[in-house]
Amino acid sequence: PGSWVLLSSTLADNSARIDCTLSGGYGNYAIVLNGIHPATDNVQLHARMSTASTTSDGGSNYRYIARSSLDDGGTNTYNSSGATFIKVVGDSLGNASGESLEAVIYIGDPTWTEHSTRLNISSVHTDNAGRTTTNNAGGTYNPTTAVTKINFLLSSGNIQYGVFKVYGIS
């Protein structure tokens, strides 16, 4: 494993979208989400890609699979092969006091145009029913175009608070 270098830290403050820039020429990146709390209950966290020519690609260029395990023993699987986003967590996020999301997202070299950009996501959060939920997810951005940013937004409403940290991995 390589060394992690903190490249940026962004605090969400009732933000419609958080843009995480992938800079510095690293071969791999990680984005750590800490205490992500939606302003609206029962919403999904989505990721979209930005390239040199797009601010946030909302086209049907994404594929994802997410598998959630719930503290009551339940499991859920979510997938799509033509989505307009990558689903970061499967089950909905809660916004009651104390409910939040923690996640680590690994990204292989997003500038390499020989392959699509892929996200490998591991997370834990409190869902809108108050259950502790773990999630393993993966997503692919299909164009073989260099990605410069990953944009995070909710399915509805704003990100009330939370921290998004981008690391380059050498």
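Ser116 is found in the loop that lies between strand 8 and strand 9 (117-126), where strands (E, at least two residues) and helices (H or I, at least four) are DSSP runs numbered from the N terminus. The structure is a predicted model, in which local features need pLDDT of at least 70 and side-chain atom pairs count only at pLDDT 80 or more, whereas totals for chains, interfaces and linings use all residues. Residues are numbered from 1 along each chain as its sequence is written, and side-chain values use heavy atoms, with hydrogens and water left out.

Ser116 counts as buried because its relative accessibility is 11%; buried means under 20% relative accessible area, exposed means over 50%, and partly exposed lies in between, with a 1.4 Å probe and protein chains only. When residues up to four places away in sequence are not counted, Ser116 touches Thr140, Tyr141, Asn142, Pro143 and Thr144, contact being defined as heavy atoms within 4.5 Å. The side chain of Ser116 also reaches the backbone oxygen of Asn142 at 3.0 Å. This is a polar contact, that is, a pair of N or O atoms within 3.5 Å, of which, within protein, one must be able to donate a hydrogen and the other to accept it, while residues adjacent in sequence count only if both atoms are side-chain atoms. Ser116 and Ala96 are 20 residues apart in sequence, and their C-alpha atoms are 37 Å apart in space.

Ala96 appears again in the surroundings of Glu99, since the side chain of Glu99 reaches the backbone nitrogen of Ala96 at 2.9 Å. Glu99 lies in the loop between strand 7 (86-87) and strand 8 (101-108). Glu99 is buried yet has no salt bridge, and the nearest side chain of opposite charge, that of Arg131, is 9.3 Å away. Here Lys and Arg count as positive and Asp and Glu as negative, while His and the chain ends are not counted; a salt bridge is a side-chain nitrogen of Lys or Arg within 4 Å of a carboxyl oxygen of Asp or Glu. Apart from its neighbours within four places in sequence, Glu99 is in contact with His37, Asp41, Gly94, Thr126, Asp127 and Gly130.

By this rule the count comes to three salt bridges. Arg131 forms one with Asp72, the closest N and O atoms being 3.4 Å apart. Arg131 lies in the loop between strand 9 and strand 10 (132-141) and Asp72 in the loop between strand 5 (62-70) and strand 6 (75-83), so the pair ties together parts that are 59 residues apart in sequence. The side chains of Asp127 and Arg131 also meet in a salt bridge, at 2.7 Å from N to O, and Asp72, Asp127 and Arg131 are thereby linked in a network of salt bridges. Within this network, Asp127 counts as buried at 0% relative accessibility, whereas Arg131, at 25%, counts as partly exposed. Arg17 forms a salt bridge with Asp19, with 2.7 Å between the closest N and O atoms; Arg17 is partly exposed at 32% relative accessibility, and Asp19 is partly exposed at 29%.

Arg17 and Asp19 both belong to strand 2, along which the side chains alternate: Ile18 and Cys20 point to one face and are buried, while Arg17, Asp19 and Thr21 point to the other and are not. An open sheet of four strands has the order 2-11-4-7, with antiparallel pairing, and its edge strands, each pairing on one side only, are strand 2 (17-21) and strand 7. Strand 2 and strand 11 (residues 147-154) pair in the antiparallel sense over five bridges, two strands being taken to pair if DSSP finds at least two bridges between them. In strand 11, Asn151 is the bridge partner of Asp19, and Lys149 stands opposite Thr21.

Strand 5 and strand 6 likewise pair in the antiparallel sense, over seven bridges, with Tyr62 opposite Ala83 in strand 6. The hairpin of these strands has four residues between them, and in this hairpin Gly73 takes a positive phi near 95°.

The largest nonpolar core has 37 residues, and Ile105 is one of those with the most contacts inside it.

Conventions
A nonpolar core is a set of buried Ala, Val, Leu, Ile, Met, Phe, Trp, Tyr and Cys residues joined through side-chain atoms within 4.5 Å.
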